[in-house]
Amino acid sequence: MTEPSAQPADPGSGQQPQEADRLRDILRAPGYLKVLAFSALIGIPVSLVAFWFLVGLHEVEHLLWVDLPQGLGRDAPPWWWPLPLLLVAGVVVGLVAAHLPGAGGHIPASGLHTGGTPPATLPGVLLAAAASLPFGAVLGPEAPLIALGGGLALLFRDLTRAPATPQTTALLGAAGAAAAIAAIFGNPLIAAVLLIEVAGVGGPQLFAVMLPALLSSGIGALVFTGFGRWTGLQTGSLSLSLPTPLPHLDAADVLWTIPIAIAIAVLLHPVLAAARRVAAYVSGGVIPRTVLCAVAAAACAALYALITGRTPADVALSGQATLGRLADDPHAWGVGALLAVLLLKGAAYTLCLGSLRGGPVFPALFLGAAAGALLAPLPGLGLVPAMAAGMAAATAGILRLPVSSVVLVVLLLGSSAMMPIVILAAVIAFVTTELLPLRPALPPSPRTENTAAR
């Protein structure tokens, strides 16, 4: 697809601005319209694959953390349960990272990445994610889903022998990733917004990426929501059961949001810095050091269970299910349990970000919600506003994507009642994070570099 050139409009001619003219030229280009049509088509198979992949992860997680302990006569996993599971995860991910193309995907400490994933790397990405996520890694499925969707889109393009250009690779990669990631967030809008912001494009290119991503994820939404109803299976979509109607905001909620957002951003900044140092440490001996970090993360979950008497799953796993339980009954968590889960899940999160494979979003949401629940007793601060501000600040601080963080938290809350403090918290946390010292650089992954070069 070639982008026609556009001349600046005469300010006195009444014509549309130059950017609007360029956008119209892009939309009229036959190559772009073909990409748009192809994006609608690939949304169906990509969403089907993403649906069954998430179902598989959910079923394996339920088997390992619910069915097996109950089969042993226990209502909840014993304190030592994460140790053997994350040992397996560390061994498998270490072998994948050392020997398979693509090293099992991006290191989670590097954040989210868009673009077409080479299809040859997909087996390693799926295997590393399947070994990490249901076995107790403190990571979410969004990064593997982005890689899965982008890789499948390029695979389908190659199978249909469609022209392969840098532009179609970028557009189809974003469209496939959006279709896949919409399945876990349960909404095509957040998928499109997230992919747009991660891509970091602007001007007419913003819309050029947005339309295929939005169309593909919208088509995909019809597929994965329909399959969920038809089959009765679950993918583990993010949802909260907060008291309804949501309370009205007052001045105290808004004023408390400012120091809460700053504090969360300042406290989470060392988490990613330490995670990058963990990644640098792991690169010096991938297999044994990946195993060591995974077992150390398991030890955090085991220590939490010993200290609090609660399930080690509060610390292990992404926090997606635990976030729902926390929102449903926050008073079931004492101050000690909240402090312990923040400290030990934060430590396990740091270790997993630098060693295993997955995404950073879900644990950030949980840590922000737990911090909000802990701070809710502050004078004049409500529980729901505190959790909303905490989730927005934590997500924006970790991802450095303020718009996506706002959209995600508002959709998660199911209401726009908390939108003012969500926006305030996300912006303050983002600005605070940007003003803090730069995080250390990540080590290069030789197998990833070699695959990209090919």
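## S404 and its surroundings

In this predicted model, S404 touches I190, V193, L194 and E197, when residues up to four places away in sequence are not counted. S404 itself is placed in helix α15, a helix that spans residues 402-413. With a relative accessible area of 1%, S404 falls under the 20% limit and is therefore classed as buried.

## Overall architecture

The protein chain contains 17 helices and zero strands, and buried residues make up 52% of its 454 residues. Among the contacts in the chain with a separation of 6 or more, 80% are accounted for by residues 24 or more positions apart. The accessible surface of the protein chain comes to about 18500 Å², and carbon and sulfur atoms hold 67% of that area.

## Nonpolar cores

The largest nonpolar core has 121 residues, of which F185, L326, Y349 and V422 touch the most other members. Helix α14, covering residues 383-399, gives the most to this core, with twelve residues. A further core of nine residues lies apart from it, and its members include Y32, V35, L171 and A175.

For V422, once its neighbours within four places in sequence are left aside, the contacts are A388, A392, V406, V409, V410 and L413. V422 also belongs to the four residues named as touching the most other members of the largest core.

## Helix α16 and a nonpolar surface patch

Helix α16 runs over residues 419-435 and includes V431. On the surface, M419, I423, V427, V431 and L435 form a nonpolar patch, with about 420 Å² of accessible area together. Is V431 buried, partly exposed or exposed within this arrangement? V431 has a relative accessible area of 39%, a value between the limits of 20% and 50%, so V431 is classed as partly exposed.

Beyond this helix, L438 has its place in the loop between α16 and α17, the latter comprising residues 446-453. L438 counts as exposed because its relative accessibility, 81%, is over 50%. The C-alpha atoms of L438 and H269 are separated by 9.4 Å, although these two residues are 169 residues apart along the chain.

## Salt bridges

The structure holds two salt bridges. In one of them, E434 pairs with R400, with the closest N and O atoms 2.7 Å apart. This pair links distant parts of the chain, since E434 is in helix α16 and R400 is in the loop between α14 and α15, 34 residues apart. E434 is partly exposed, with a relative accessible area of 35%, and R400 is likewise partly exposed, with a relative accessible area of 35%.

The other salt bridge joins R310 to D314, where the closest N and O atoms are 2.9 Å apart. R310 counts as partly exposed at 26% relative accessibility, whereas D314 is buried, with a relative accessible area of 1%.

## A buried aspartate without a partner

D253 is found in helix α9, which comprises residues 251-283. How far away is the nearest side chain of opposite charge? That side chain belongs to R310 and is 24 Å away from D253, which is buried yet has no salt bridge. A salt bridge would need a side-chain nitrogen of Lys or Arg within 4 Å of a carboxyl oxygen, so the separation of 24 Å between D253 and R310 does not meet the cut-off.

Not counting residues up to four places away in sequence, D253 touches H248, G380, L381, G382, P385 and I421. One of these, P385, lies within the range 383-399 of helix α14, and another, I421, lies within the range 419-435 of helix α16.

## Backbone positions with positive phi

A103 has a positive phi of about 60° although it is not a glycine. A103 is located in the loop between α3, residues 82-99, and α4, residues 122-132, and at 3% relative accessibility A103 counts as buried.

R400 also has a positive phi of about 60° without being a glycine. R400 lies in the loop between α14 and α15, where, at 35% relative accessibility, R400 counts as partly exposed. R400 thus combines this backbone value with its salt bridge to E434.

Methods. Residues numbered from 1 in each chain as written. Predicted model: local features only at pLDDT ≥ 70, side-chain atom pairs only at ≥ 80, totals over all residues. Heavy atoms only, no water. Helix = DSSP H or I, 4+ residues; strand = E, 2+ residues; numbered from the N terminus. Buried < 20%, exposed > 50% of the residue type's maximum accessible area, 1.4 Å probe, protein only. Lys, Arg positive; Asp, Glu negative; His and termini not counted. Contact = heavy atoms within 4.5 Å. Areas by Shrake-Rupley, 256 points an atom, 1.4 Å probe, with all protein chains shown as cover. Patch = residues over 30% accessible without salt bridge, like charges linked within 9 Å, V, L, I, M, F, W, Y side chains within 5 Å. Core = buried A, V, L, I, M, F, W, Y, C linked by side-chain atoms within 4.5 Å.
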